[in-house]
Amino acid sequence: MKIDNQDIIRTARQLRDEENAELHVSPWNRHRHFHVPTWLVALPAAAIIGFVFGLWTQANSHSETPLTALVDTVYIKVPMPQPQQDSVVQAVSAALTPAAAESGPSQTVHRASSANPSQKKYGRPVADDHIRYDLLVRN
Amino acid sequence: MMLFPLKLSAQTDEQLMLRASRGSDHAFEELYNRHARRLQGFFVRRLGEDADLAADFMHDTFLRLYAAREKYHEGNSFRAWLYTIAYNLCKNHHRNQLTIVRNDEKDMPAEADIEVELDTNILHDALREVLKNLPEPYAMLFSLHYEEELTIPQIAQITDLPEGTVKSRLHKTMNIIKQQLKQYENR
């Protein structure tokens, strides 16, 4: 059979239809390139951002806090000479505790903190352990 | 404005594209349903029988069309626009191969009518083989004109070639096909 242009065109279209019929065409999806659900991306992303932010704030708090702020109180022990018995203190203590006054003058020293605040005090407050608590430094 | 708009299936491609350009996703989906298979087939033939790549290219073409849908102007041919995108995707894919093929144009047969005698059954298989081995610029024009049934002015617009060049190349394409079919005459 003699082949002309129309035969070729007709056969080409027949081939086209056969090939097209065998194709699997997926349905229209304008988000085809984004298969992963957004929440599946958003949740790990939020966790990572939170973790990084936590590290960052922790690192910043370290750098801003002075080292001394971690120590509540610094005690300094100052060696002091034996306290002198003050006559006024002796008189007051004798009036308050006559029994103790009889036992000896070394027993009459009182803690500065335990003295009556309304009562007038004289001299330096010295404790039994010879520590000057008035010199305690609070930082 | 119509009070009772026509069903999507009853509308032309251009009417649907106009609706899609105004925000109707249903109209665009109807266009996809109408043309996806045919366009995918076009890509299969133009990209060397790679079905997955053809499916990707087909979807990519529609994604580009969707992204640019607001630029559609009333009266423009939808198919010409669709195949312009498809043609450019193929052209980019074959850019290096086209350079090689262009140098072979001198070896193509002169413009003369070649007579071929073949049995119809043989023609079917022979043409399949011939079209597979057709040099790319000719295969593209053959595909656009004879398989996808686009007019010569539309092809000229798609390929950015003068209409006369398109016509002469199509004539040359037919001669190449016939010359190659002659090899099957005595089998």
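Biologist: How many salt bridges does the rule find across the interface of chain A and chain B?
Modeller: Five of them, going by the rule. Keep in mind that this is a predicted model.

Biologist: Can you show me one? Which residue of chain B meets the side chain of Arg16(A)?
Modeller: That would be Glu149(B), in a salt bridge with 2.7 Å from N to O.

Biologist: And how many residue pairs are in polar contact across that interface?
Modeller: The rule finds 11 such pairs between chain A and chain B, both residues being at pLDDT 80 or more.

Biologist: Which elements of chain A supply at least two residues of the side that touches chain B?
Modeller: Two elements to look at: β1, residues 2-3, and α1, residues 5-21. The largest share comes from α1(A), with 14 residues.

Biologist: What's the mix of nonpolar, polar and charged on that side of chain A?
Modeller: It divides into 11 nonpolar residues, eight polar ones and eight charged ones.

Biologist: OK, zooming out. How many residues of each chain are in contact?
Modeller: On chain A it's 27, and they touch 37 residues of chain B.

Biologist: What area do the two chains bury between them?
Modeller: About 3,100 Å², and 60% of that is on carbon and sulfur atoms.

Biologist: Which three residues supply more of chain A's buried area than any other three?
Modeller: Ile3(A), Ile8(A) and Trp28(A), which together supply 24% of what chain A buries against chain B.

Biologist: Back to β1(A). Which strand of chain B is it joined to, and do they run parallel or antiparallel?
Modeller: The partner is β1 of chain B, residues 116-117; two bridges join the strands, and they run antiparallel. Within that pairing, Lys2(A) has Glu117(B) as its bridge partner.

Biologist: New topic: aromatics. How many aromatic pairs does the structure hold?
Modeller: Over all chains, 13. One of them is Phe28(B) with Tyr66(B), edge-to-face, at 5.1 Å centre to centre and 75° between the planes.

Biologist: Where do those two, Phe28(B) and Tyr66(B), lie?
Modeller: Phe28(B) is in helix α2 of chain B, residues 25-46, while Tyr66(B) is in helix α3 of chain B, residues 51-67, so the pair ties together parts that are 38 residues apart in sequence.

Methods
Residues are numbered from 1 along each chain as its sequence is written. Chains are lettered from A and ligands numbered from 1 in the order in which they are written. This is a predicted model: local features need pLDDT of at least 70, side-chain atom pairs count only at pLDDT 80 or more; totals for chains, interfaces and linings use all residues. Side-chain values use heavy atoms; hydrogens and water are left out. Contact means heavy atoms within 4.5 Å. Buried area is the accessible area (1.4 Å probe) that two parts lose on being put together, summed over both. A salt bridge is a side-chain nitrogen of Lys or Arg within 4 Å of a carboxyl oxygen of Asp or Glu. A polar contact is a pair of N or O atoms within 3.5 Å; within protein, one must be able to donate a hydrogen and the other to accept it, and residues adjacent in sequence count only if both atoms are side-chain atoms. Helices (H or I, at least four residues) and strands (E, at least two) are DSSP runs, numbered from the N terminus. Ala, Val, Leu, Ile, Met, Phe, Trp, Tyr, Cys and Pro count as nonpolar, Asp, Glu, Lys and Arg as charged, and the others, Gly among them, as polar. Two strands pair if DSSP finds at least two bridges between them. Rings of Phe, Tyr and Trp (its six-membered ring) pair if their centres lie within 6.5 Å; planes under 30 degrees apart count as stacked, over 60 as edge-to-face and the rest as tilted.
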